[in-house]
Each structure stands twice: as C-alpha cells, then as structure tokens.
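Thanks for making the time; I would like to go through one model with you, beginning with its charged pairs, then the relation between its chains, and finally its pockets. Please have the sequence and the structure open while I talk.

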There are 2 protein chains.
Amino acid sequence: MKQIESIKEFGGWLNRYQHASACCRCSMTFSVYLPPRAAKEQVPVVYWLSGLTCTDDNVRSKAGAQRYASELGIALVMPDTSPRGDDVADEHDRYDLGKGAGFYVNATQQPWAANYQMYDYVTKELPELIEAELPVIPGLKSITGHSMGGHGALICALREKGAYRSVSAFAPICHPSVCGWGEGCFGAYLGNDPEAWQAYDATALIKAGAAEIPLFIDQGTSDEFLADQLYPQDLEAACRKTDFPLTLRMQEGYDHSYHFIATFIGEHLVYHAKALCK
Amino acid sequence: MKQIESIKEFGGWLNRYQHASACCRCSMTFSVYLPPRAAKEQVPVVYWLSGLTCTDDNVRSKAGAQRYASELGIALVMPDTSPRGDDVADEHDRYDLGKGAGFYVNATQQPWAANYQMYDYVTKELPELIEAELPVIPGLKSITGHSMGGHGALICALREKGAYRSVSAFAPICHPSVCGWGEGCFGAYLGNDPEAWQAYDATALIKAGAAEIPLFIDQGTSDEFLADQLYPQDLEAACRKTDFPLTLRMQEGYDHSYHFIATFIGEHLVYHAKALCK
C-alpha cells in the first residue's frame, strides 16, 4: 500500500493510503487516523463504515472523531463505500446503487460481482493489510458506522463471531430487506430472491440466531430517513424476541447528518475503547 | 431575517438564516450555533470569519467548534465570506477575488463597491441583527477566524476599539499588503494606491499604533501558504517594536486545513470564554 497523504491532527496523523485490492479488483483508497500513542506502541483499531455517497473523506472531515481517538489512544480506519474506477460498474443517475453504495455485501450478480466484494474487503482484506502494515494490535478491533455503514457495522459484527470486541451504529439501516435502499442494492447485487438477502440483514441475522454481541445504537427522532429506510423498530422487535442485547437510544430532535454523529461519536468511541482496552 | 435551517447538535441548535443586507445590497446567508444555555438565558457570542472559497458551511461542518460552544455556553456566529447572488460582481476564473473572497474590507472601487462592504457587514450590520433577534448578550462578543478570516478577525479587533473582548486567529494573513492574495484583493477592491490598504492590514495597523488588545494566533509550521501568503513574522516584528501583546504559537507539523483548526479550536474557544464570562 502507498501513503498518498499525511495530515497532522490532535498530535497524531491522519493518513490516506491507496492499494490494489484483490477482493475488489481495483485500486482502493482509505484513511487511517493514528493517535499519538501509535508512535510508541501498537494500538487497538475502530473501523468506521460510511453511508451512501460517502468516500473515506466525509467522516474524517465532519465527525470530530479524531479528537477522541487521540485522547483514547485508538486508531480509526475509514474505508471507502464501494469499489472505484473507470472500469467499475455504476449507475450514473443513482446515488443509491453502484459507486458510493457498495452496501458491504459480496455481490453475486453481474456486472456487480466483478468488483463489489465489500464484505470481504472490510472484514478480511483491509484488516489483514492494516495489521501487516501499521502499528496496530493484531485482532484487537471494533466496528461502527453510519446509515448504510451502520448496517455494515452490524452485519460484520453479527456474522464474524468473535472478530470484533464491540459494535455500535449511528442511524443504521436495520432491516435492509424491507426498505427501498436495501431492496434496490440487494436486488442488484444479490439477485431477486430475498432469501439471499437475509445473510446481510441485521434484523434477519438476529432472528436466525446470530452469536451474541451487545448492539449499541443511536438514532435521531427527527431523522428524515427514519420512517422509510431505517426500521430500528424491526431490529428492536427481533432482539426482544430472541433476548439479544440491544441498547437503542432514540435521541430526541436529532437528524441523519454528521451533526448528529458529531454529537455522539465521543460516547461511541469511549464505549469501544472500554471494550478494546480491558 | 428568516430561519432557513435548524439542526440539533450537542444539545443546542445549529441554525441558518437569510436576510436582506443593507450594507451588501444582496441576500446574505449565515449560520449561528446556539448552545443549550441559550434556551434559558442570553449568551455571549464568538464571531468566526472564514477563509477564501468558504461559505458559512465549512466551519460548522469541519471545525468541531460546536462541541466546545455547547460546553462553554457561548453562541457562534458564522457569516459568509462575500456578498452573493447573480447581480454581484465576480471573477469566475479566480478563487481569490470576488465571491468567496470578500477580504472583510469596504470596497471603494467599481464594480466591487456596489456590494463588497464586508467590513461594515461583519462589524456593524450583522452584530446589530444578531443582538436584535437572538438570545445573546448585547455587546458581549469576541472574534476569531482562519486565513483570510484570521486577517478579518485581527483587523476588526484592531480597528474597533473596545468592541471585542478578545481576538484570536488560525493561520491568518498577517500582512496582506505584501502577499499575493492581499495585493490582488486590495488592488481590486481598494484601488492601486497601497496607502489605502493600510487601514485593513493587521501589521500596518499595529505599526500605526492600534489600541491594545492581546492577539492570540496559532500557525502551523507545515502550512503550505506560510512562506508566500501569511507573514506572521512581519506581524511579530511590528508587535515587538511597539510592545504590542502577541501570543504566536508556531505549531510543529500542522498544515492550513480544518484538521489544524479542529486541533486547536477548543483552546481558542476556552480563551474567548474566559474573556467573555469574567
């Protein structure tokens, strides 16, 4: 991997890297924040998965996460939301399919399957690369994200038993099989049989008996996508039915933006630091 | 003035307003962060002046200032960097002249003079409007900013004796009369006689005997504009010669970006809160 940018922030370094992804068969870009502590010793990692239309840049510019990561001594890894490049399939007229909308699944349908292998990318290829190349403690990682990336964080933690010390999400797409965003992407990437979608649907994974890991979710009550796309009530019902540990905080008056994320990112990173540093 | 957006953040409200500016003879947009404390009582205000190419949105999205303003109980007012609209003069091919580059001066030369009256706008019209319409303590204000806006903050505080309780700046253009950005804008807005520029040049104002107010400046040593545009050494020399109080912190390794601002904005807001709340 090649470092293409390095910006000093909160005493640490916000770096950007490019590498040839074997999973996605294209050049991928991601950002990493290394806290001051990483200059002296290996640190734990929190993976952040971003939402529709984002690149690695949104969260690093808008969430205010680096301040907390600096104080807590944890690295942040911020991948892109899809494969990129002129040779990668896309729907140019849509923000919610194709580039910027990888949905953290391994596509099985063409033309998407050629590059859209984001699940393997974020759960396997990227952590292996990070652990080989950067001063992080191998295997000591947690995961969080926003919206489509909140969905991604939940399914990674629910599917990869023991891989993550903790998981949290901001306004996640909790039941993608039944919302417009999820139906559009799952139909394109996974095919028309909704049975194939269940393996990437947090609510379905809970219903199917996923291994236990506490879920910590913040959701704004004034989120413009709450009613039509996010369905936290479905996840909550599935958790109640299966006695699955869920902390769902409905945050009065907050919307879907990075201003909502900025408000609560500190509490999430403290939550992850406790799990990672104990 | 009309409220056009309201986003909850850190328990307070990030609002955006539009109004017909008498100074600038156009519709102007600005943002205000009202901390939770403003729901119960009037609060002091910190004005933030942004740099070249910015609108009111950059700082509110990228600086992480609202967290501190919430904790400290101070409002943030974030104006635009120039007049706007189809009828406003511009140089479409340049980022450093015209829209987005008002330089916080009152233009005297056409076509700029018709709208580019940003000095009066930020020092008079906007504070009057804010104090008439929002829950702020009249007259209790401080000012800060970045780059072109750091220059703006310095000249406002140096010219408006007693108007601001404190002033600070991030990587300000300290001596605009002798740098490319300043020469370009001052020449266009104020005419070709550099004598007319001195009234809007922090280094010149110090040399000319401005009323004393401590200057608090952070400047990154890896700032890509440090050598050619910012000239903190000229301001420092002028302050030393006149015994003017200056704290200039050269911050090792930091650049010109909002990542630099985010790192130090907390210290600046604490500095202003101390001056505003004593």
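Let me fix one term before anything else: I will speak of a salt bridge when a side-chain nitrogen of Lys or Arg lies within 4 Å of a carboxyl oxygen of Asp or Glu. Please also keep in mind that this is a predicted model.

By that criterion B:Arg60 and B:Glu5 form a salt bridge, with their closest N and O atoms 2.6 Å apart. B:Arg60 belongs to helix α1 of chain B while B:Glu5 belongs to strand β1, so this pair ties together parts that are 55 residues apart in sequence. As for their surroundings, B:Arg60 counts as buried at 4% relative accessibility, whereas B:Glu5, at 28%, counts as partly exposed.

In chain A, the side chains of A:Arg16 and A:Asp56 meet in a salt bridge at 2.9 Å, N to O, and this pair too links distant parts of the chain, with A:Arg16 in strand β2 and A:Asp56 in the loop between β4 and α1, 40 residues apart. A:Arg16 is buried at a relative accessible area of 16%, and A:Asp56 is buried as well, at 4%. Both residues belong to a network of salt bridges that also includes A:Glu5, A:Asp57 and A:Arg60. Over all chains, the structure holds 26 salt bridges.

How, then, are the two chains related? Chain A can be laid on chain B with an RMSD of 0.0 Å by a turn of 180° and a shift of 0.0 Å along the axis, which is the relation of a two-fold axis. In chain A, the C-alpha nearest that axis is the one of A:Lys62, 2.5 Å from it. Since 100% of the interface residues of chain A are also interface residues in chain B, the copies meet through the same surface.

A:Lys62 returns when we turn to the pockets: of the 36 residues lining the largest pocket, it is among those nearest the centre, together with A:Ala63, A:Ser257, A:Tyr258 and A:His259. The elements giving two or more residues to this lining are α1, α2 and α9 of chain A, together with α1 and α2 of chain B, and the largest share, four residues, comes from α1(A). The volume of this pocket is about 570 Å³, and its lining has 14 nonpolar, 14 polar and eight charged residues.

The second largest pocket holds about 370 Å³ of space, and among the residues closest to its centre are B:Lys62 and B:His146.

Key
Residues numbered from 1 in each chain as written. Chains lettered and ligands numbered in written order. Predicted model: local features only at pLDDT ≥ 70, side-chain atom pairs only at ≥ 80, totals over all residues. Heavy atoms only, no water. Least-squares fit on C-alpha atoms with pLDDT ≥ 70 in both. Contact = heavy atoms within 4.5 Å. 1 Å grid on protein atoms, 1.4 Å probe; cavity = no way out; pocket = protein on both sides within 12 Å on 5 of 7 lines; lining within 4 Å. Points joined across faces, edges and corners; volume = space filled by probe spheres on them. Nonpolar A, V, L, I, M, F, W, Y, C, P; charged D, E, K, R; others polar. Buried < 20%, exposed > 50% of the residue type's maximum accessible area, 1.4 Å probe, protein only.
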